[in-house]
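Hi everyone, thanks for squeezing me in. I'll put the structure up on the screen and then talk through the parts I find worth a look.

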Amino acid sequence: MDVVLVGLPGTGKTAVGRRLARQHGAAFLDLDATIEAAAGRPIPAIFADEGEAGFRARERTAVAALGPPDPSPTLSRVIATGGGTPIDARNRWALYRGRLAVWLDGPAEILATRLRRSRVSRPLLAGRDAESAIAALAAARERVYAPALRVNGVAPLGAVVAAVERHLDDALGPGGGLLRARTPIGTLEIGDGIAAAGVARALDGLAARRAILVSEPKAWSVAGEALAAALARDGIAVETVLLPRGEPAKTLRVIERAARELARVRAERRDPIVAVGGGALGDAAGFLAAAWLRGVPVVHVPTTLVAQIDSSIGGKTAVDLPEGKNLVGAFHQPAAIVADVATLRTLPARQLRAALGEAVKMGALGDERLLDLLETDGRAIAAGARPAFDDGAIAEVVERCAWAKVEVVVADERERGEAGGRIALNLGHSFAHAIETVAAYRGILHGEAVAYGLRAAVRIGAELGVTPPARAERVEALLDDLGLGVRALAIRPGELVATLAVDKKTAGGRLRWVLPTESGVVVRSDVADELVAAAAAGIVAGRRGATPDAGRGR
Ligand SMILES: NC(=O)c1ccc[n+]([C@@H]2O[C@H](COP(=O)([O-])OP(=O)(O)OC[C@H]3O[C@@H](n4cnc5c(N)ncnc54)[C@H](O)[C@@H]3O)[C@@H](O)[C@H]2O)c1
């Protein structure tokens with residue numbers, strides 16, 4: 001077994017690791033020392049010559065060189081990481097899965113005192129007040145350390161080592177957790193194979209002894225059933241309510257039937273609803289949770305890529321009416337969101353590819369690393385290729401998108417409509433909504449429609465001089481590569497324009513266009529009708545004039 005020690009500078013990862021390894025006859029590896037040996041220079045010199053980016057690249061190489069975890073039950077290797085090593089999602093993917101990850105933690109003031117006395121030079125703290133710098137690092141990094149087992153690192157060395165040793169019998173400890181964050185809009189956990197442990201933790205936090213698992217047949221077979229069994233093994237009483245699969249779950253009739261089922265099993269206010277499924281299931285179960293007994297806690301276990309990167313976060317719940325989608329709903333924030341990327345392995349490739357329309361949007365909002373990632377790994381993800389799961393590419397996309405959405409929603413929970421707030425998430429959605437309406441939601445998935453909308457937005461933005469041509473080209477080339485928004489649409493541009501005109505009327509005569517800039521978005525209400533019409537004609541014609549992608553009658 002490998003033990004991995006993570007934590008802030010000054011928590012004693014090297015000293016604890018060395019002692020632990022010696023006591024067990026295990027090998028000890030100090031990641032920083034490995035990086036220095038490979039570079040032939042100390043870390044401050046690497047920072048000076050190559051900047052932090054150069055150092056992080058070397059660090060990632062060193063983590064990858066660790067190879068696969070040792071599955072044997074006896075301790076064979078102790079790995080002490082650098083304080084910032086787990087910031088990189090792929091490093092966490094490599095370090096936390098199959099290894100016992102331990103977080104040495106301690107109060108900022110004690111760590112600062114230790115660092116002041118230390119002879120080791122720390123480039124990230126140079127020239128700053130140690131205590132406030134450590135406190136800032138602690139706040140920023142808690143979510144990446146938190147999936148590891150937390151141990152007090154500021155006790156005497158022997159006591160810290162003994163505390164780590166007590167966990168050696170837990171075999172792989174929490175295993176597979178990649179991110180855990182308490183946020184004002186619910187606890188967010190992301191990981192590989194964490195559904196049961198994450199939900200158990202959430203129920204524990206709610207002091208619940210019974211849970212109402214709401215799912216649909218497909219999500220039940222890929223995730224719900226095993227989750228119910230694991231919770232039952234944990235002593236939780238589980239009731240199950242199955243809704244229809246996909247969008248048909250989002251009707252008032254279904255909600256009424258489900259609520260009557262809750263009445264039958266006498267579900268109480270302290271019995272949380274655990275919603276296991278894609279975005280449609282989550283919207284319906286979330287609405288049920290908002291309405292049942294005027295609101296019970298909900299834990300989301302999203303099982304599609306759309307749900308993990310988007311719909312499970314933000315507290316919007318809704319059902320559809322014959323008059324339109326999402327017309328009846330409520331804001332109801334979840335107690336927790338447990339995104340287990342292992343559940344995505346059964347998702348059809350088309351669903352994965354379509355969700356990447358939303359991921360490209362999140363990248364275009366200003367996440368350069370996400371754009372890079374989609375450029376290198378997007379195709380493999382879109383195809384549902386095994387390596388994209390095995391090397392953590394999908395997990396990283398989930399993490400970057402989900403965290404970005406948390407940040408946007410926390411800043412503007414109720415969508416006040418200000419630039420920089422939740423409205424930014426509407427990038428690409430004016431046209432997407434129009435396409436879906438004209439196609440009557442048939443033959444095209446939401447993320448596919450968003451891809452066309454994104455193309456329209458960058459073209460309008462480029463015409464207005466808002467979107468730099470290189471940015472527009474980058475977004476379009478990425479969509480080309482992913483095969484999104486490429487084909488001609490079997491609808492007339494005039495129909496799109498007419499639908500947008502209706503939206504404009506509803507919005508009081510001002511359609512607010514979210515348009516990409518060099519590194520983010522702006523909101524403009526002054527986009528000329530001719531520009532909109534030209535964009536409509538452009539996206540309907542398709543990037544390559546290929547076969548139609550959506551249309552009525554299908
Ligand atoms: N609330 C929000 O903020 C928000 C945001 C975006 C989208 N949405 C809503 O989300 C819905 C779309 O979500 P979606 O794309 O997840 O679609 P979906 O929920 O309809 O799921 C798509 C299909 O995947 C199946 N499925 C689910 N998990 C699976 C798995 N692990 N393996 C294999 N198949 C699986 C489902 O049975 C379904 O047939 C729409 O109703 C949309 O309005 C809501």
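**Sheets, core and ligand shell**

Okay, so let's begin with a strand pair: strand 6 and strand 7, residues 186-191, run antiparallel and are joined by six bridges. If you want one pair to click on, take G177, whose bridge partner in strand 7 is G191. Before I go on, keep in mind that this is a predicted model.

Those two strands belong to an open sheet of seven, in the order 6-7-14-11-10-8-9, and the pairing is mixed. Which strands stand at the edges? Strand 6 (177-183) and strand 9 (237-242) do, and each has a single partner strand, so one side of each is left without a neighbour in the sheet. From one strand to the next, the twist averages 15°. Then there's a helix to look at: helix 11 packs on this sheet and touches strand 8 (210-215), strand 10 (273-277) and strand 11 (298-302). Its direction makes about 170° with that of strand 10.

Now the other sheet I wanted to show. It's open as well, five strands in the order 2-3-1-4-5, with parallel pairing. Strand 2 (27-30) and strand 5 (149-152) are the edge strands here, each pairing on one side only. Ignoring direction, neighbouring strands are turned by 25° against each other on average. Inside this sheet, strand 1 (residues 2-7) and strand 3 (residues 77-80) pair in the parallel sense over four bridges, and V4 stands opposite I79 in strand 3.

There's also a hairpin. Strand 12 (residues 316-321) and strand 13 (residues 324-331) form it, with two residues between them. The two strands pair in the antiparallel sense over five bridges, and L321 has G324 as its bridge partner in strand 13.

On to the core. Which residues touch the most other members of the largest nonpolar core? Out of its 165 residues, the answer is V102, V199, V214, V274 and I435. Helix 16 (residues 393-411) gives the largest share of this core, with 12 residues. Apart from it lies another core of six residues, including A112, A130, A133 and I134.

Let me zoom in on V102 for a second. Leaving aside neighbours within four places in sequence, V102 is in contact with V3, V4, L5, A148, L149, V151, V164 and H167. You've met V4 already, opposite I79.

Next, a glycine. G224 is found in helix 9. Is it buried or exposed? G224 has 28 C-beta neighbours inside 10 Å, so G224 counts as buried. Again leaving out neighbours within four places, the contacts of G224 are L213, S215, A219 and V276. And G224 and V214, 10 residues apart along the chain, have their C-alpha atoms separated by 8.6 Å.

Last stop, the ligand. There are 29 residues around the ligand, and K218, G278, G279, T304 and S311 come nearest. Which elements give two or more residues to that shell? They are helix 9 (217-233), helix 11 (279-291) and helix 12 (305-311). So helix 9, where we found G224, shows up again, as does helix 11, which packs on the sheet of seven. By class, the shell has eight nonpolar, 13 polar and eight charged residues.

That's my tour. Happy to spin the view around if anyone wants to look at something again.

Terms used
Residues numbered from 1 in each chain as written. Predicted model: local features only at pLDDT ≥ 70, side-chain atom pairs only at ≥ 80, totals over all residues. Core = buried A, V, L, I, M, F, W, Y, C linked by C-beta atoms within 7 Å. Buried ≥ 20, exposed ≤ 12 C-beta atoms within 10 Å, placed from the backbone. Contact = placed C-beta atoms within 7 Å. Near = placed C-beta within 6 Å. Nonpolar A, V, L, I, M, F, W, Y, C, P; charged D, E, K, R; others polar. Pairing = 2+ DSSP bridges. Axes fitted to C-alpha atoms, helices over the stretch in contact; angles between N-to-C directions.
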